[in-house]
Amino acid sequence: MALGFGKGKEEDVVSLIAAKKYARAIEVLKAQLQKKGANPSLRMQLADVLILADKKPEAIGLLIPLADQFAREGFAAKAVSVLKKIQK
């Protein structure tokens, strides 16, 4: 049951993004981050939505620590990918 519930929330975020309801998607993602902790994929998704919502400075504030985390954990390719996203 719990797995389906979590998947439903994820699909809700996807549908919000598809409907260009970025403010609501940001709220949902931030709530999920508070519940689940510093999940890298959630942080990346939140940064992507922030960029779509023209909140690039806030997105960069999430992406720089994420790139650092990937680099410290030995995921150089992921770190470079995040840094390229910042560069855009």
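A residue counts as exposed when its relative accessible area is over 50%, as buried when it is under 20%, and as partly exposed in between. Asp 54, with a relative accessible area of 71%, is therefore exposed. Please keep in mind that this is a predicted model.

**Two loop residues with positive phi**

Let us stay with Asp 54 for a moment. This residue sits in the loop between helix 3 and helix 4. Its phi is near 60°, a positive value in a residue other than glycine.

Lys 20 is another case to look at. Its phi is positive too, at about 60°, although Lys 20 is not a glycine. You will find Lys 20 in the loop between helix 1 (2–18) and helix 2. Is Lys 20 buried or exposed? Its relative accessibility is 62%, and because the limit for exposed is over 50%, Lys 20 counts as exposed.

**Salt bridges**

How many salt bridges does a search of the whole structure find? The search finds three. Here they are, with the N to O distance of each pair.

| Basic residue | Acidic residue | N to O distance |
|---|---|---|
| Arg 24 | Glu 27 | 3.1 Å |
| Lys 30 | Glu 58 | 2.9 Å |
| Lys 85 | Asp 48 | 2.5 Å |

We can take the pairs in turn, starting with Arg 24 and Glu 27, whose side chains meet in a salt bridge. Both residues belong to helix 2 (residues 22–36), and because they are three residues apart there, about one helical turn separates them. Arg 24 has a relative accessibility of 43%, so it counts as partly exposed. Glu 27 is partly exposed as well, at 47%.

Helix 2 also supplies Lys 30, whose side chain meets that of Glu 58 in a salt bridge. This pair links distant parts of the chain: Lys 30 is in helix 2, Glu 58 is in helix 4 (residues 56–72), and the two are 28 residues apart. Lys 30 has 35% relative accessibility and counts as partly exposed. For Glu 58 the value is 35%, which again means partly exposed.

That leaves Asp 48 and Lys 85, with their closest N and O atoms 2.5 Å apart. Which parts of the structure does this pair tie together? Asp 48 lies in helix 3 (residues 40–52) and Lys 85 in helix 5 (residues 76–87), so the salt bridge ties together parts that are 37 residues apart in sequence. Asp 48 is partly exposed at 29% relative accessibility. Lys 85 has 25%, and because buried requires a value under 20%, Lys 85 counts as partly exposed.

**An aromatic pair and a lysine over a ring**

Now for the rings. A pair of aromatic rings is described by the distance of the centres and the angle of the planes. The structure holds one aromatic pair. Its members are Phe 70 and Phe 75, with 6.5 Å from centre to centre and 90° between the planes. Planes over 60 degrees apart count as edge-to-face, so this pair has an edge-to-face arrangement.

The accessibility classes of these two residues are worth reading side by side. Phe 70 has 8% relative accessibility and counts as buried, whereas Phe 75 has 39% and counts as partly exposed.

Phe 75 has a further contact to look at. Which residue lies over the face of Phe 75? It is Lys 78, at 5.0 Å from the ring centre. Phe 75 thus takes part in the edge-to-face pair with Phe 70 and has Lys 78 over its face.

Methods. Residues numbered from 1 in each chain as written. Predicted model: local features only at pLDDT ≥ 70, side-chain atom pairs only at ≥ 80, totals over all residues. Heavy atoms only, no water. Salt bridge = Lys/Arg side-chain N within 4 Å of Asp/Glu carboxyl O. Helix = DSSP H or I, 4+ residues; strand = E, 2+ residues; numbered from the N terminus. Buried < 20%, exposed > 50% of the residue type's maximum accessible area, 1.4 Å probe, protein only. Phe/Tyr/Trp six-rings, centres within 6.5 Å; stacked < 30°, edge-to-face > 60°. Lys NZ or Arg CZ within 6 Å of the ring centre and 35° of its normal.
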